[in-house]
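The following exercises concern the protein shown below. Each task is followed by a solution that proceeds step by step.

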Amino acid sequence: RVILDESGSISAAGYDNSVDFVIRLINELVNEASPLSIYSFSNAVDELYRFDETQSPRASILTALDDAKSANGNYQGRCTDTMSALDEAITEYERAANSIGDDLVPG
């Protein structure tokens, strides 16, 4: 799970730097077999990618991250509702664990 802060305390440039960092992590360090879900939050939570969406190849995930950048008008820059983002991520994990099962955590 990745949760990106796009609240007002993080500038649009800072948010884009965070997105670029996650893209680099996925490209360089995250095992291809590891399922990912990605959320961003400010005053609302945006689900950018779910565990049950195509995980390999990573192109769809990387496109979702590129689309989330501020240049595409997707930077919220408002309040910081961290708890809602965490609640959404936990709910997504529990939902995916029930539907995907053992494939959610590669052995």
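**Exercise 1. Contact order and overall dimensions**

Task: For contacts between residues at least 6 apart in sequence, determine what share joins residues at least 24 apart. Then assess how the radius of gyration relates to that of a compact globule.

Solution. The model is a predicted one. Step one: among contacts between residues at least 6 apart in sequence, 70% link residues at least 24 apart. Step two: a compact globule of 107 residues would have a radius of gyration near 13 Å, and the protein has 14 Å, so the value agrees with that expectation. Step three: the C-alpha trace extends over about 40 × 25 × 20 Å along its principal axes.

**Exercise 2. Secondary structure**

Task: State how many helices and strands the protein contains, and in what order they follow from the N terminus.

Solution. Step one: the count gives three helices and three strands. Step two: read from the N terminus, the order is β-α-β-β-α-α.

**Exercise 3. Surface and charge**

Task: Find what percentage of the residues is buried, how much area is exposed, and how far apart the mean positions of the positive and negative charges lie.

Solution. Step one: of the 107 residues, 32% are buried. Step two: the exposed area is about 5,900 Å², of which carbon and sulfur atoms contribute 49%. Step three: the protein carries 7 positive and 19 negative charges, and the mean positions of these two sets are 2 Å apart.

**Exercise 4. The largest nonpolar core**

Task: Identify which members of the largest nonpolar core touch the most other members, and which element gives the largest share.

Solution. Step one: the core holds 15 residues, and those touching the most other members are Leu 4, Val 19, Val 22, Ile 26, Ile 38, Ile 61 and Leu 65. Step two: two or more residues of this core come from each of strand S1 (2–5), helix H1 (12–28) and helix H2 (59–67). Step three: H1 supplies the largest share, with five residues. Step four: with residues up to four places away in sequence not counted, Val 22 touches Val 2, Leu 4 and Leu 65.

**Exercise 5. Leu 62**

Task: Decide whether Leu 62 is buried or exposed, and list its contacts beyond four places in sequence.

Solution. Step one: Leu 62 belongs to helix H2. Step two: its relative accessible area is 18%; because buried means under 20%, Leu 62 is classed as buried. Step three: beyond four places in sequence, Leu 62 contacts Ile 23, Ile 26 and Asn 27. Step four: Leu 62 and Arg 24 are 38 residues apart in sequence, and their C-alpha atoms are 9.7 Å apart.

**Exercise 6. Glu 92 and Glu 47**

Task: Establish the burial class of Glu 92 and that of Glu 47, and examine the contacts of Glu 92.

Solution. Step one: Glu 92 is in helix H3 (residues 82–100), and its relative accessible area of 4% makes it buried. Step two: Glu 47 is in strand S3 and is partly exposed, at 40%. Step three: apart from neighbours within four places in sequence, Glu 92 contacts Ser 37, Tyr 39, Glu 47, Arg 50, Phe 51 and Asp 52. Step four: under the corresponding exclusion of residues up to four places away, Glu 47 touches Ile 38, Tyr 39 and Glu 92.

**Exercise 7. A peptide bond**

Task: Determine whether the bond from Ser 56 to Pro 57 is cis or trans.

Solution. Step one: most peptide bonds are trans. Step two: the bond from Ser 56 to Pro 57 has omega near 0° and is cis. Step three: Pro 57 sits in the loop between strand S3 (45–49) and H2.

Terms used
Residues numbered from 1 in each chain as written. Predicted model: local features only at pLDDT ≥ 70, side-chain atom pairs only at ≥ 80, totals over all residues. Heavy atoms only, no water. Helix = DSSP H or I, 4+ residues; strand = E, 2+ residues; numbered from the N terminus. Rg over C-alpha atoms; globule rule 2.2 N^0.38 Å. Buried < 20%, exposed > 50% of the residue type's maximum accessible area, 1.4 Å probe, protein only. Contact = heavy atoms within 4.5 Å. Areas by Shrake-Rupley, 256 points an atom, 1.4 Å probe, with all protein chains shown as cover. Lys, Arg positive; Asp, Glu negative; His and termini not counted. Charge placed at Lys NZ, Arg CZ, Asp CG, Glu CD. Core = buried A, V, L, I, M, F, W, Y, C linked by side-chain atoms within 4.5 Å.
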